[in-house]
Amino acid sequence: MRTQVAIVGAGPSGLLLGQLLLKEGISNVVLERQTAEHVLSRIRAGIIETGTAELLDAAGVGERMRRESLLHDGIEIAFAGARHRVNFRDLIGRGVVVYGQTELTRDLMVGREAAGGTTVYQAQDARLHGMDGSHPRVTYRQDGIERSIDCDFIAGCDGFHGVSRSSFPQSALTCYERIYPFGWLGIMVHQPPVSDELIYVNSERGFALCSMRSRRLSRLYLQCSVDDRVEDWPDERFYDELARRLDPAAAARLQTGKSIEKSIAPLRSFVAEPMCYGRLFLVGDAAHIVPPTGAKGLNLAASDVYYIWQALVGHYRGGSDTGLKEYSRRALARVWKAERFSWSMTSLLHQFPERNGFDRRIQEADLEYLLSSRAALTSLAENYVGLPL
Ligand code: FAS
Ligand code: PHB
């Protein structure tokens, strides 16, 4: 098989890039090791920055998102028994879009099908070859048969555990990492949200987040131990602990019900530099991971897609490789700002087992300063809603 761009991974990065390239007449094939149903079964992000929403519109798949999503003009931060609204619209004139990654991925799959894009699901043992030359190749196995894709470029959109980053020569890669001493236990439940907007909670018992997917579908999180297992947390224990971390008024509005999904995610900050090797370009979680506290993971994937999309159009339509040469530098400049924000939100809102009394007082002072300073709130707002591309 021959194509211009081989895309490894059919998550949001791979499908969004594939859709944008198809609209430009740039041929591409997406290789995915799982089934489409498995990809859609993963519960991930819920907050879409305005820039990401506009990219979905540009890809021609934003119509259902615009119809079904919620628009939020702020969040609430709960601390020391009180809730404080952070009004994005007042502070920076913009808000965020609330729309689940699962639905966004579904829209991308439908859009790719309609555009006649080729997606190979259950592609096993993908291997990347010849990235340092001008004729890279991707081989994989499907139905027991070894297959090959000749291409001009490879987009590694295969997430943190994919094959692309590990295809770099080790000497060509520098990785930066911070592992957090806790995880997030998340549930989905068919109940109305606790509040109209998200509530981020700093409680002495640990972080909590009350989010949503719609006015009838709640997404709730608790900071938990890295040693916890899902089976340690029956629904009743989850709701009881969440109510203890919420202020009384919010706890009184918590509606319980049988969870339809429950999972524990580890938290890490991670960046691999550079984000390219020859004609292989890393996109999204393949290159970087953020703790979900700042709602940046999915949105960072979208900004990487924007930069590599523009670079490939420059190559094929403009005869210029400046965008390709600049891709890693441009993407990393935005990645590190989002890493900083996600780290700072995580440090501000979680209980760290190893922290001493001084650390806790600094965290309290951080929160009191933030909630009393328009300048500090403006900084939080512009990072949360999304820095310019
Ligand atoms: P993805 O990991 O989504 O997709 C990569 C795809 O590549 C997968 O479909 C995988 O099956 C495929 N793949 C892997 N190896 C392959 C191979 N060798 N061959 C072919 N295909 C291969 N972000 C937020 O903003 N908010 C959140 O609340 C949030 N929660 C998260 C919870 C969890 C458990 C995880 C893991 C991430 C979460 N994220 C969250 C981040 C998440 O949304 C990512 O940023 C987003 O999925 C990134 O998309 P991709 O880069 O496409 O990577
Ligand atoms: C979610 O709804 O899954 C969500 C929202 C905001 C975050 C993290 C996760 O910061």
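In this predicted model, the largest cavity has a volume of about 60 Å³. The structure holds three cavities of 30 Å³ or more. Lining the largest cavity are E49, K296, R334, K337, A338, F341, N383, G386 and L387. By class, these lining residues comprise four charged, three nonpolar and two polar. Helix α10 provides the largest share of this lining, with four residues.

Helix α10 also contributes to an open site. The second largest pocket has a volume of about 410 Å³, and its lining is made up of 18 residues. Those that lie nearest the centre of this pocket are S344, M345, S347, L348 and D366. Two or more lining residues come from each of α10 (322–349), α11 (357–372) and α12 (374–385). Of the elements that line the second largest pocket, α10 gives the most, with seven residues. The lining of this pocket has nine nonpolar residues, together with five polar and four charged ones. Residues of domain 1 (5–72 + 94–177 + 267–346) and of domain 2 (180–260 + 351–385) both occur in the lining, so the second largest pocket lies between the two domains.

The two ligands were examined next. Ligand 1 is surrounded by 29 residues. Those that come nearest to ligand 1 are S13, E32, R42, R44 and Q101. Polar contacts to ligand 1 involve both side-chain and backbone atoms of the protein. On the side-chain side, a polar atom of Q101 lies 2.5 Å from an oxygen atom of ligand 1. On the backbone side, a polar atom of P12 is 3.3 Å from an oxygen atom of the ligand, and an N or O atom of R33 lies 3.2 Å from a nitrogen atom of ligand 1. Ligand 1 exposes 990 Å² when taken alone, and the protein buries 85% of that area. Helices α1 (12–23) and α9 (297–316) each supply at least two residues of the shell around ligand 1. By class, this shell contains 13 nonpolar, nine polar and seven charged residues.

Ligand 2 has 14 residues around it, of which Y200, S211, R213, Y221 and P292 are the closest. Three of the polar contacts of ligand 2 are made through side chains. In the side chain of Y200, an N or O atom is 2.7 Å from an oxygen atom of ligand 2. For S211, the distance from an N or O atom of the side chain to an oxygen atom of ligand 2 is 2.6 Å. For Y221, an N or O atom of the side chain is likewise 2.6 Å from an oxygen atom of the ligand. On its own, ligand 2 has 280 Å² of accessible area, of which the protein covers 97%. Strands β15 (208–214) and β16 (217–224) are the elements that give two or more residues to the shell around ligand 2. Strand β15 gives the most, with three residues. The shell around ligand 2 is made up of eight nonpolar, three polar and three charged residues. Both domain 1 (5–72 + 94–177 + 267–346) and domain 2 (180–260 + 351–385) provide at least three residues each to this shell.

Two features of the backbone were also noted, each located in a loop. The peptide bond that runs from E273 to P274 is cis, with omega near -15°. P274 is placed in the loop between β17 (261–273) and β18 (276–277). The second feature concerns A80, a residue other than glycine with a positive phi, near 55°. A80 is found in the loop that lies between β5 (74–79) and β6 (82–87).

Methods
Residues numbered from 1 in each chain as written. Chains lettered and ligands numbered in written order. Predicted model: local features only at pLDDT ≥ 70, side-chain atom pairs only at ≥ 80, totals over all residues. Heavy atoms only, no water. Near = heavy atom within 4 Å. Polar contact = N/O pair within 3.5 Å; in protein donor to acceptor, adjacent residues only side chain to side chain. Areas by Shrake-Rupley, 256 points an atom, 1.4 Å probe, with all protein chains shown as cover. Nonpolar A, V, L, I, M, F, W, Y, C, P; charged D, E, K, R; others polar. Domains from an automatic or database assignment. 1 Å grid on protein atoms, 1.4 Å probe; cavity = no way out; pocket = protein on both sides within 12 Å on 5 of 7 lines; lining within 4 Å. Points joined across faces, edges and corners; volume = space filled by probe spheres on them.
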